[in-house]
Amino acid sequence: MTTETIQLLTPEGERVDHPEYPLGDDVDIKGMYRDMVLVRRIDTEAVALQRQGELGLWAPLLGQEAAQIGSGRALSAKDMAFPSYREHGVAWCRGVDPVKVIELFRGVNQGAWDPEEHKFHLYTIVIGDQTLHATGYAMGIQRDGAEDEAVITYFGDGATSQGDVSEAFAWASVFNAPVVFFCQNNQFAISAPSDRQSRNPLYRRSSGFGFPGVRVDGNDVLACYAVTRQALRNAREGQGPTLIEAFTYRMGAHTTTDDPTRYRLASELEAWRLRDPIERVRSYLARNGLADSTFFAQVQTEADELAAKLRAACLALPDPPPLALFDHVYAGENAILDAERAQYAAYLEGFAEAAR
Amino acid sequence: MTRLTLSRALNEGLRRSLETDPKVMIMGEDVGRLGGVFRVTDGLQKDFGEHRVVDTPLAESAIVGTAIGLALRGYRPVCEIQFDGFVFPATDQIVSQLAKMRYRSQGNVALPIVIRIPFGGGIGAVEHHSESPEVFFAHTAGLRVVACADPAEAFSMIQLAIASDDPVIFFEPKRRYWDRAEVDTAAPLTDALPLTAARTVLPGDDVTLLCYGPMVRSCLEAAIAAREDGRSIEVIDLRSLSPIDMATIGASVARTSRCVVVHEAPVYAGLGAEIAARVTEQCFYHLEAPVLRVGGFAIPYPAARAEDHYLPDLDRILDAVDRTFAF
């Protein structure tokens, strides 16, 4: 970690202070630990479900728990989040049932939660598109005069090369929109290392657009929390956007179809394992007598129960009925689509009659 | 009744929508202080403020992308894409996000966004200012695609598009912006023809001419000229390009037994192909001739001094009409 990186908890579990980001005493570090353990367990179970053929795909968050739980817990109930497709930890913080996330990757729907209910938009797979949606939503907050609301959007190091992300930076800046750009630099865009996306550190990207950027230790849940909380506050107070680069590491594959051994060394992964986002919190809690072995065991039991429930719910998910294909394409009438629905229904009915 | 240009009629329609619904807003390049390069939004920023009529940075993808965010927040953005050929930077946001959001959210999310696009040629413009990209959007499920043809239609259709809870790609016939006609600006919107319906502009008995946007006037002129040859041409303005109003089209062709589709866009894989296939299925036993198509060639839009050869005109339309009688 360079000196320009904000850190409040070292990989060894030592608390360090930073003058610009005081943590305060009311931070629920045990709650953060619990969240991180639970989402990692969800992630592990989802990978297993995919390996067993129950999910079409899964995008693992392994290694990025601190970035997601730290930033996710910094959001107020009214703040709106626009994720990419790996933000299972943020989804958890926004109260989205993990089964809903599983439904998407199983392929029974394409996003089943109500974004407004959870203040958590649907996953966005086309890289960087959601940064513009977040900026537009923030422009709406300005028009509503809602001074207690802000927006956060998540994207990766690869996304910073997308035109839409640069456009979002430009718009957020000139309109002074209350939006936080949270970049999880997990070092890889599938196989391309982050130095293929940028010669400069990514957090400096914002300076050319006229707003501040900060790099935070993305494996430090306390730093991610404190820095995001401050950026959201600034946004709500009319100080405009902030870019946060959470410097982290994708410890798993890009998705379950990926083989990371083709593009990175095992030694690199081992080095990052020593900076594990969960272990350092566990060390801190244990060493300072803030949690005992009973607490850690309880959290692990809770995680295993959650995983078992998730697996059972996944296996029980019904396939969508065929005629539901035609639902929700339009709000209003569409005679062409109605005719196709009717024709396909009659076609299916033909099989049913033949079977009688 | 007021005599208005098509550009002014759109302006009046936009004004009406801004007055009716405080969530309606206009955004695009040069739409505010300048009033738009075709003056369609002239004076609206002055009357409704910079928060509702927004001069945006120059980035089409962001115009649509941020409009999506605003719509998620409850606004009804009307985006202007300055010229047809400039819509492609926004295609990802339109096709991958705008069109699909309702479907993938199982109806949880509505995106009532209108994207206005001046389209078509005939104005002697440089490259990328004369194109007809409607079929890209008609091919994309989740979008409504419409084209207005005259001032009265422009006035009502823009208001209907804004009131629609679906995203609407709204094509404006650039070379007809300065056409003038009587518009009843006092007529209630409830009296207007629905956005999904085609409209018989001129009744006739011998052949059905299907057209939209700038080609409506061209087809009307062709139909009037054809009277001298004793031919009675029915002209139908499609208005809605997705979905197409096959009920109106089918009823007409069943009666006339002949059909010609006219558009500026290239014939190859164009809307005419879709219409021809559907008319053939629906009116097979009524047809006296195959459905013919008149449109742009399978080439990029040509240089301005050659565009008269590319664009369907009265003679090319009547040539196709003649050919339907030769079968």
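Me: I'm looking at strand β8(A) in this model. Which residue of β8(A) is the bridge partner of F181(A)?

Reply: Keep in mind that this is a predicted model. The partner of F181(A) in β8(A) is L243(A). Zooming out, β4(A), residues 179–185, runs parallel to β8(A), and six bridges join the two.

Me: What about strand β7(A): how many bridges pair it with β8(A)?

Reply: Five bridges, again in the parallel sense, with β7(A) covering residues 213–217. One to look for links D217(A) to F247(A) in β8(A). Then follow the chain: β7(A), helix α8(A) (residues 221–236) and β8(A) form a β-α-β unit that is right-handed.

Me: How do I read the two faces of a strand?

Reply: In a regular strand, side chains alternate between the two faces of the sheet. Now try β8(A): T242(A), I244(A) and A246(A) sit on one side, with L243(A), E245(A) and F247(A) on the other, and all are buried. Six of the six residues of β8(A), 242–247, are buried, so the strand is largely enclosed by the rest of the structure.

Me: And where does chain A touch chain B?

Reply: People often give the size of an interface as the accessible area lost when the parts come together. Here, let's count residues instead: the contact takes 35 from chain A and 37 from chain B. On the chain A side, the elements giving two or more residues are α6(A) (129–144), α7(A) (163–174) and α12(A) (335–355). The largest share, 11 residues, comes from α6(A). Sorted by class, that side of chain A has 18 nonpolar, 11 polar and six charged residues.

Technical notes. Residues are numbered from 1 along each chain as its sequence is written. Chains are lettered from A and ligands numbered from 1 in the order in which they are written. This is a predicted model: local features need pLDDT of at least 70, side-chain atom pairs count only at pLDDT 80 or more; totals for chains, interfaces and linings use all residues. A residue is buried if 20 or more other C-beta atoms lie within 10 Å of its own, exposed if 12 or fewer, and partly exposed in between; C-beta atoms are placed from the backbone. Helices (H or I, at least four residues) and strands (E, at least two) are DSSP runs, numbered from the N terminus. Two strands pair if DSSP finds at least two bridges between them. A crossover is right-handed if, with the strands pointing away from the viewer, the path from the first strand over the helix to the second runs clockwise. Two residues are in contact if their C-beta atoms, placed from the backbone, lie within 7 Å. Ala, Val, Leu, Ile, Met, Phe, Trp, Tyr, Cys and Pro count as nonpolar, Asp, Glu, Lys and Arg as charged, and the others, Gly among them, as polar.
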